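Subject: A structure for you to look at

Hi there,

I'm passing a structure on to you, along with some notes to read beside it. Please open it and keep it in view as you go.

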2 protein chains.
Amino acid sequence: MSKDKSARRPKAEPPKGFRDYFGAEVTERKAMLDQIAGVYHAYGFDPLETSAVETVEALGKFLPDVDRPNEGVFGWQDEDDQWLALRYDLTAPLARVAAQFRNDLPSPYRRYAMGPVWRNEKPGPGRFRQFYQCDADTVGSPTVAADAEVCAMLSDALEVVGIPRGDYIVRVNNRKVLNGVMEVAGVLDPSDPDRFAAERGIVLRAIDKIDRLGEAGVRALLGAGRKDDSGDFTKGAGLSEEQAEVVMAFMAAKRDSGTATAARLRDLVGASQTGLEGVQELETIAELLDVQGYGPDRIVLDPGVVRGLGYYTGPVFEAELTFEILDEKGRPRQFGSVAGGGRYDDLVKRFTGQSVPATGVSIGVDRLLAALRAKGRTSGAGIGPVVVTVMDRDRMGDYMAMVGELRRAGIRAELYLGNPKNFGNQLKYADKRASPIAVIQGGDEAAKGSVVLKDLVLGARIAAGASLEEWKSRPAQLEVARTDLVATVQRMLASAPEAPDGSAPC
Amino acid sequence: MSKDKSARRPKAEPPKGFRDYFGAEVTERKAMLDQIAGVYHAYGFDPLETSAVETVEALGKFLPDVDRPNEGVFGWQDEDDQWLALRYDLTAPLARVAAQFRNDLPSPYRRYAMGPVWRNEKPGPGRFRQFYQCDADTVGSPTVAADAEVCAMLSDALEVVGIPRGDYIVRVNNRKVLNGVMEVAGVLDPSDPDRFAAERGIVLRAIDKIDRLGEAGVRALLGAGRKDDSGDFTKGAGLSEEQAEVVMAFMAAKRDSGTATAARLRDLVGASQTGLEGVQELETIAELLDVQGYGPDRIVLDPGVVRGLGYYTGPVFEAELTFEILDEKGRPRQFGSVAGGGRYDDLVKRFTGQSVPATGVSIGVDRLLAALRAKGRTSGAGIGPVVVTVMDRDRMGDYMAMVGELRRAGIRAELYLGNPKNFGNQLKYADKRASPIAVIQGGDEAAKGSVVLKDLVLGARIAAGASLEEWKSRPAQLEVARTDLVATVQRMLASAPEAPDGSAPC
């Protein structure tokens, strides 16, 4: 490094919209991914890990927000002038893999994938430009049994990570039904599917925003357009009031039972072939789920779900957490969507020219973790390591030997490696590490062949208001023979209550 | 998608130098990362996960190959004209975090991190532009006890993932000793450390390439320069023959025992204060390791190790696998380096202006996996799911119920979701999935209330040459009551030998 540079120091911060995850944040996410992978595995899905980087050409342009500059991805040109980009989801890379290895993969191919994806979007509170997805997809199966399977698996996955039945609902709809409704409304012409494509895109995105915009907002977008709070105008689909009415009726078609909902949808799609096919598919999905015990307390037909992505061609589904949490301003609100997916029969065709049916689900793991934290359902806890302190820096070898013995006995342990001069700092360090026990051996103890064990959990409990009896029943520290170090620590740990892990700095 | 695009289809392949990982490739790497994380955890290290993207300014320029265009990273400019890039290692992000959270993190801060890193380098056989690293570092500890700890931990990690003692060696050196040697050679002036910096960089990289270039190649680079096979000329450090001799003597200073090596180094560094300090540090490391039982069969002093990175300031170490494998051309060669690290006391200072001592190790997990595979030490195996076949597509609900029952009993199971028309295809599919058992229920069985279970492991074993006795002792298929489905499958699986997992397509 040249001298010039030391004058202008780099800023110690991640790029805007990115963040770091510490200690329990990492292990909790990992535990959740492992649990979900266990469910996917049990269903016969195999892992696939593609790289973070794809060619822009292979990724395609399937982000829900197509209006933004550079279209939502982080991209760059490589030395061959080819455009590369970070994947924005795990579905586009799967489509590429399914096309590339179509002769080698089993068909149908069930695969799961988990890892970060990147979106070049405006960051906001709780909204980051890198986040985890955890997907499972079946490629090569045209039957809605595959869609039903994915819905059941999603339900299992939510329960496995700790969302009890009743706290979530998987809502299922079908794009074909929506297309049927569009036919009835006169914005879809089966003989010329490209006609009105732009209008249908606007309708789709408008419906997807009902929770945020409300009925009036959606109606505005179905019609001439909508001016938002900032004064920006979004062009609408240009539907007449009658046409808009048909679409709104579709969204409100949910009835008390799946059968009643299907009947209402059958009315709405009228003579549309596509629409009737869609209703039939929904009925089959409901039956297949029912027979396995996934009733409407877990999975329901709900025409209000359409999903923003343009590539879905059949069933679509979304998992929502139904409990309330407090938002940043302390107001109760529904937690909302944590997973979604659907059938996309044309993504592989982009590469091969041949239609390959596919369906799958994506779980937003970071949102799911946030939900569990909001409900206080993650442990967030963990006991820190035993800390061996340094009283005499000439005997580092002795202290290291203690740490080694503890570890070989399966006890997480570390040696204090800061400046040992101030012993108070060593205990403060042990505290910050949520250490249960500090091991101390000064010259006197070494001469006697003993060590002192300081019970730090007790200290924490006293601070948290332990009773006098408890205080008396546990000695704050005890001196034992050096040869009894491991056995005594084991005994102390066995009797210690769990202490919070203080490893996360923020 | 417009009609124009369907004419020009995207290529179904990842960008050059990137690849996909299937099935066992993913689970084996994950298992290895979990094992290493277990060791790091036991040593008191806490997980940290930073994002893949950093500002170029925060990353700094510390790649070993500084000569390449755009300096080895994948970078781009964001909408604020700030340059961002994919991390090329896990150390640079740690330095940024240590600076950013210096008031909140425990000090010393022991952290581990695992994940992909990206290098914009020329890809080659087995050399990819995205690969995994698995690092552990201690920030804030100046004592070489921290370096010794990291070396011991590296040794433990290698053994835990399945490299037995004797098949690896951790070699330790010290940059201060090299600096002492440079002083003696006259290319380092303690009163003006920046003088001869370029020459020292060339010396460093030359020494690091001894395995590839041989002694003559290194000597050429120490002197005027070297022309490689392609005719390209690399400028040398411009050392005289006498100077080069000092450096070469340093590299050859390894003796039979650590004590003898240290003594030889003490000779070589002469009166250099830095050099003597370095030798003393090496002796302390060797003592601390010895007392814990990490003798020279696992960790040795070896001046031949310097590491290419410019930022190391003290002890450096490298783990090498000592067994031979066959290269692409079938020639035996040493497997070589799988991990390395060292002390870097100035990386955090870049941000804060204050020196923060740090040391750590990085394990190249993908290379380690390749080594285990080359030795046939990974299982690569795993049994596929039980496949429930579809004889009658009107009874999908019944088949799904069977799959659900098996899963609830903890048995990995899946329903065949391809076109059920050709039953042979269903069995071929089950074969490709390495399925141990196919479940079959046609109309007759359904009427009788029974199912047929086909033992596919037996089929595979017969193909692999099972004896006639074995053939006779296991029925190829059996019909049982539908209510006995789960119990019978459990019994068959319990008696089945492990079958290879056929999930990887390449």
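Below is what turned up, starting with a sheet and ending with a cavity. Please keep in mind that this is a predicted model.

**The sheet**

Let's begin in chain A, where five strands make up an open sheet with mixed pairing, in the order β16-β15-β17-β18-β19. A little background may help: strands of a sheet pair through backbone hydrogen bonds, either parallel or antiparallel. At the edges of the chain A sheet are β16 (413-415) and β19 (477-481); each has a single partner strand, so one side of each has no neighbour in the sheet. On average, neighbouring strands here are turned by 25° against each other, ignoring direction.

Now look at strand β15 (residues 386-388) of chain A, which runs parallel to β16(A) and is joined to it by three bridges. To find one of them, start from A:Val387: its bridge partner in β16(A) is A:Glu414.

Helix α19 (residues 485-495) of chain A lies across β15, β17 (437-440), β18 (450-455) and β19 of the same chain. This helix runs at about 15° to β18(A).

**The cavities**

How many cavities of 30 Å³ or more does the whole structure have? The search finds four, and the largest holds about 70 Å³ of space.

Residues from chains A and B line this largest cavity, among them A:Phe18, A:Arg29, A:Asp366, B:Glu49 and B:Ser51. Strand β7 (residues 130-139) of chain A gives the most to the lining, with three residues. Sorted by class, the lining has five nonpolar, four charged and three polar residues.

Enjoy exploring!

Definitions and conventions
Residues are numbered from 1 along each chain as its sequence is written. Chains are lettered from A and ligands numbered from 1 in the order in which they are written. This is a predicted model: local features need pLDDT of at least 70, side-chain atom pairs count only at pLDDT 80 or more; totals for chains, interfaces and linings use all residues. Side-chain values use heavy atoms; hydrogens and water are left out. Two strands pair if DSSP finds at least two bridges between them. Helices (H or I, at least four residues) and strands (E, at least two) are DSSP runs, numbered from the N terminus. Axes are lines fitted to C-alpha atoms, for helices over the stretch in contact, and angles run from 0 to 180 degrees between N-to-C directions. Contact means heavy atoms within 4.5 Å. On a 1 Å grid over the protein atoms alone, a cavity is a set of points where a 1.4 Å probe fits but cannot get out, and a pocket is an open set with protein on both sides within 12 Å along at least five of seven lines; lining residues have an atom within 4 Å of a point. Grid points are joined across faces, edges and corners, and a volume is the space filled by probe spheres set on the points. Ala, Val, Leu, Ile, Met, Phe, Trp, Tyr, Cys and Pro count as nonpolar, Asp, Glu, Lys and Arg as charged, and the others, Gly among them, as polar.
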